[in-house]
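The following exercises are to be worked with the sequence and the three-dimensional model at hand. Each task is followed by a solution in steps.

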Amino acid sequence: MKIVFVLPPYDYSRSVGSTRKKTQIGLLPPLGVGYLAAALEAQGHEAALVDAVAEQIDTETAATAVLELRPDLIGVSSFTTLTPNDAYPIVRELKRRAPDIPVIMGGPHVTSFARQILEECPEVDVLIPGDAELVLTELVRRIENHESYDDLRGILYRTASGEGIANPPADVVKDIDRFPHPARHIYKHERYCPLPSLSARRPATSIITARGCPWASCRFCYQGGEYASPYRRRSPENVVDEIRQLVREYGIRNLVVWDDNFCVMPSWIDRFCDLLDAEDLDVIWSVLARANTVTPEMLKRMAASGCYSIQFGVESGNQEILDLINKGHTLDQCRQAVRWSKEAGMDTRGFFVLGFPTETPEMSRKTIDFACELNMDYVVFFSYYVAPGTKIEELALREGQCRAFTGQQVPSYVPNTYPSAEELEAMVQSAYRRYYLRPAYIARAIARAVKRPSLLKNHAAGFYYWLGLMLR
């Protein structure tokens, strides 16, 4: 059978990315559909992808592109919980034009709101929350053989009469080495581009070494809520095998590792670095980490094997807010983690959130002050949004007001401790100006560019990107 996946149209400039000609700055290949495509191809099926986000096309154009590929089945990835209805128009348009082709939907929004989707979007035939490789391949097998799937665990489906049925969940796959590497051939690689802070080399792409978060306790985070995926990690051998394939078949020189926290399991990291060194692939890589799990020895070992950049989710410069969201680290741990990373020779990146429940404008300014104190190479400031199923959701709704999501830089939530949404929005923009226009930051950027002239191009791209955020 031929399965065509589609990522629904979405204006990525509303998130951390921005549009530039044929590429979306900050957008990298969607690994989820790549894993599903590989699992299906391993069973003899054919897979293709229409990424309407990367292609920057509307619903009608995306539907035409999907149907021109003559699919037997259509898989829709509802990839964001921020804009819950983004997937519905494409599903309805596809069903209007091709009512007999089954439409299957998965992704983070399905994992959170599967039952709600059954009610809101009658055009969808089957929903698969969570890991979908094994469930989807079995579902496709049954559809191909005209067998019933009403007893298949891990799906929600609609009967011929229109009734929505939720089957018991599928078992969690503990050994994720059994999944084949993502089917990279389905991507139009020229459509993707990392953020300026991750553009030390090209071509670049993304990988994951694990699923889920090893901490999974942050009260504001999707991974700390009721819909979180359990933590499982691939073997170092399996990851290096994929990297070898990416370098040799696609010429990849820069890897963006999207694990929620790469810096756990020190023996795993040592083994991974040893294997990577033995391959002599001349590839550099970046990671996300937690401030309370890194050590100087770990960071130096990673840097010696090509890790050039590390990002910490600092979140707040107020210990009381860090305690409220159960972040699990302290301000001093953030200070030392950033210092150790700089000493190891890595670029440092930070993620900060303004407008948490109970946070006052003065507390937000304290977060900006702390970001300036850390003086990292790149930072991003967001306004807090209420993620579904998180442990802080009830408090947030009680202590503030939600608004329609129109972009990461425009508050979709305003705590009662803030005078207005406009003041919170102004605070986010002020944070960027205060941070990037500081003499201390400019001096550090110049010093780094003198040592690494290739950074000049990245700094220019970063300034262009930052200016776009300000103008929006």
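**Exercise 1.** Determine whether W285 is buried or exposed, and classify the aromatic pair it forms with F262.

*Solution.* The model is a predicted one.
Step 1: the relative accessibility of W285 is 1%, and buried means under 20%, so W285 counts as buried.
Step 2: F262 likewise counts as buried, at 1% relative accessibility.
Step 3: a pair of aromatic rings is described by the distance of the centres and the angle of the planes. For F262 and W285 the centres are 5.5 Å apart and the planes stand at 55 degrees. Planes under 30 degrees apart would count as stacked and over 60 as edge-to-face, so this pair is tilted.
Step 4: W285 belongs to strand β15 (residues 284-289) and F262 to the loop between β14 and α8, so the pair ties together parts 23 residues apart in sequence.

**Exercise 2.** Classify the pair formed by the rings of Y436 and Y441, and state which cluster includes these residues.

*Solution.*
Step 1: the ring centres of Y436 and Y441 are 5.0 Å apart and the planes meet at 90 degrees, so the pair is edge-to-face.
Step 2: Y436 has a relative accessible area of 16% and is buried; Y441 is also buried, at 9%.
Step 3: ring pairs join Y436 and Y441 with F352, F381, Y432 and Y435 in a cluster. In the whole structure, a search finds 18 aromatic pairs.

**Exercise 3.** Compare the span of helix α7 with the expected value, and identify its buried residues and what covers them.

*Solution.*
Step 1: α7 covers residues 236-250, which is 15 residues.
Step 2: from first to last C-alpha the helix reaches 21 Å, close to the 21 Å expected at 1.5 Å a residue.
Step 3: the buried residues of α7 are P236, N238, V239, V240, E242, I243, L246 and V247.
Step 4: their cover includes helices α1 (31-42) and α8 (266-279), together with strands β11 (204-207) and β14 (254-257).
Step 5: after α7 comes G251, with a positive phi near 70 degrees.

**Exercise 4.** Locate S148, decide how accessible it is, and give its C-alpha distance to K391.

*Solution.*
Step 1: the loop between α6 (133-144) and β8 (156-158) contains S148.
Step 2: the relative accessible area of S148 is 43%, so the residue is partly exposed.
Step 3: S148 and K391 lie 243 residues apart in sequence, and their C-alpha atoms are 38 Å apart in space.

Key. Residues are numbered from 1 along each chain as its sequence is written. This is a predicted model: local features need pLDDT of at least 70, side-chain atom pairs count only at pLDDT 80 or more; totals for chains, interfaces and linings use all residues. Side-chain values use heavy atoms; hydrogens and water are left out. Helices (H or I, at least four residues) and strands (E, at least two) are DSSP runs, numbered from the N terminus. The expected span of a helix is 1.5 Å times one less than its number of residues. Buried means under 20% relative accessible area, exposed over 50%, partly exposed in between (1.4 Å probe, protein chains only). Contact means heavy atoms within 4.5 Å. Rings of Phe, Tyr and Trp (its six-membered ring) pair if their centres lie within 6.5 Å; planes under 30 degrees apart count as stacked, over 60 as edge-to-face and the rest as tilted.
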